[in-house]
Amino acid sequence: MLAGHYAPALFIKARYPSLKLWVLFLAVQVVDIFFFIFALAGIEEMTVLDVRGPLGLHLEHVPFTHSLLMNLGFGACCVLWGAIAKRWKHGLLIGVALCSHWALDLVVHLPDLPLAPWGGERVGFGFWELVYSSLIVEILILTAAYFFFRKTIQAATTRRFADVGMAALVFVQLSYVFGPRMPSVLTMAAMAEFIYFGFIWYAYQVDRRLARPDLGA
């Protein structure tokens, strides 16, 4: 899953405007940001298969970034940070955003998600095997979340800026599913990190415009 991971961030931002959208965009993808870094460093392992789209990525050994137990631990750290900073609600919501990554992965992945970092059972419902159905559902989830968030944007210029970013995200998702397969782990990692940080930058720009509507004038 790619575009669909941003849906929880948009829903949370719409409901709790004081939270920064860029922080939520980072939270929902931080697992994959570190996964590709770890894969390049040899800490975790992935294989690029001769298949287009998400099924072209096979997770071999991902105990730190994609195990359920570790993700719950990361979420708990966010809650702990919130308690220490006396912003417990923010910490809880960021933790929810972070853990949403694993929950959504569970739906679409083949059984390659470990429950614990030391191995054992792997899970995944495999919705990705239904290529068109999973794509439609993912885009619908993103669209619903975006329009829920969009209703909170008052400035027309900011709405237009946000619209362009969401259109770009849908384009990236379509390119991911129907584009050519990735030739190597390095290529996939580089493109993935570019996309993740590109949309974090986009979310930061949306935050700036929400704080100062005159920036988009």
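These are my notebook entries on the pockets, one helix pair and the salt bridges of this structure.

**Entry 1: the model.** I am working with a predicted model, so I keep that in mind throughout.

**Entry 2: the largest pocket.** I started with empty space. Rolling a probe the size of a water molecule over the atoms shows where such space is left. The largest pocket came out at about 500 Å³. I counted 31 residues in its lining, and Leu 2, Tyr 176, Met 188, Ala 192 and Ile 195 lie nearest the centre. Next I asked which elements give two or more residues to this lining. They are helix 2 (21-41), strand 2 (57-61), helix 4 (88-108), helix 6 (156-178) and helix 7 (185-211). Helix 7 supplies the largest share, five residues. By type, I noted 19 nonpolar, eight polar and four charged residues in the lining.

**Entry 3: the second largest pocket.** I then moved on to the second largest pocket, which holds about 150 Å³ of space. Its lining is made by Leu 26, Ala 27, Val 30, Val 31, Phe 34, Phe 38, Phe 64, Thr 65, Phe 74, Cys 78, Ile 94 and Leu 98. Helix 2, helix 3 (68-84) and helix 4 each give two or more residues here. Which of the elements gives the most? I found helix 2 in that place, with six residues. The lining has 11 nonpolar residues, one polar and no charged.

**Entry 4: helix 5 against helix 6.** I looked up how these two helices pack. The axes of helix 5 (residues 131-150) and helix 6 come within 11 Å and cross at roughly 170°. An angle over 145 degrees counts as roughly antiparallel, so I logged helix 5 as roughly antiparallel to helix 6. On the helix 5 side, the contact includes Val 131, Tyr 132, Leu 135, Glu 138 and Arg 150. Among the helix 6 residues they meet as a group are Arg 159, Asp 163, Met 166, Leu 169 and Gln 173. Sorting the residues of this contact gave me 13 nonpolar, one polar and four charged.

**Entry 5: salt bridges.** Side chains of opposite charge can pair when their charged atoms come close. My search of the whole structure turned up three salt bridges. I wrote down one of them, between the side chains of Asp 207 and Lys 13, at 3.7 Å from N to O. Where do the two partners sit? Asp 207 is in helix 7 and Lys 13 is in helix 1 (residues 6-15). They are 194 residues apart, and the pair links distant parts of the chain.

Definitions and conventions. Residues are numbered from 1 along each chain as its sequence is written. This is a predicted model: local features need pLDDT of at least 70, side-chain atom pairs count only at pLDDT 80 or more; totals for chains, interfaces and linings use all residues. Side-chain values use heavy atoms; hydrogens and water are left out. On a 1 Å grid over the protein atoms alone, a cavity is a set of points where a 1.4 Å probe fits but cannot get out, and a pocket is an open set with protein on both sides within 12 Å along at least five of seven lines; lining residues have an atom within 4 Å of a point. Grid points are joined across faces, edges and corners, and a volume is the space filled by probe spheres set on the points. Helices (H or I, at least four residues) and strands (E, at least two) are DSSP runs, numbered from the N terminus. Ala, Val, Leu, Ile, Met, Phe, Trp, Tyr, Cys and Pro count as nonpolar, Asp, Glu, Lys and Arg as charged, and the others, Gly among them, as polar. Axes are lines fitted to C-alpha atoms, for helices over the stretch in contact, and angles run from 0 to 180 degrees between N-to-C directions. Angles under 35 degrees count as roughly parallel, over 145 as roughly antiparallel, 65 to 115 as roughly perpendicular and the rest as oblique. Contact means heavy atoms within 4.5 Å. A salt bridge is a side-chain nitrogen of Lys or Arg within 4 Å of a carboxyl oxygen of Asp or Glu.
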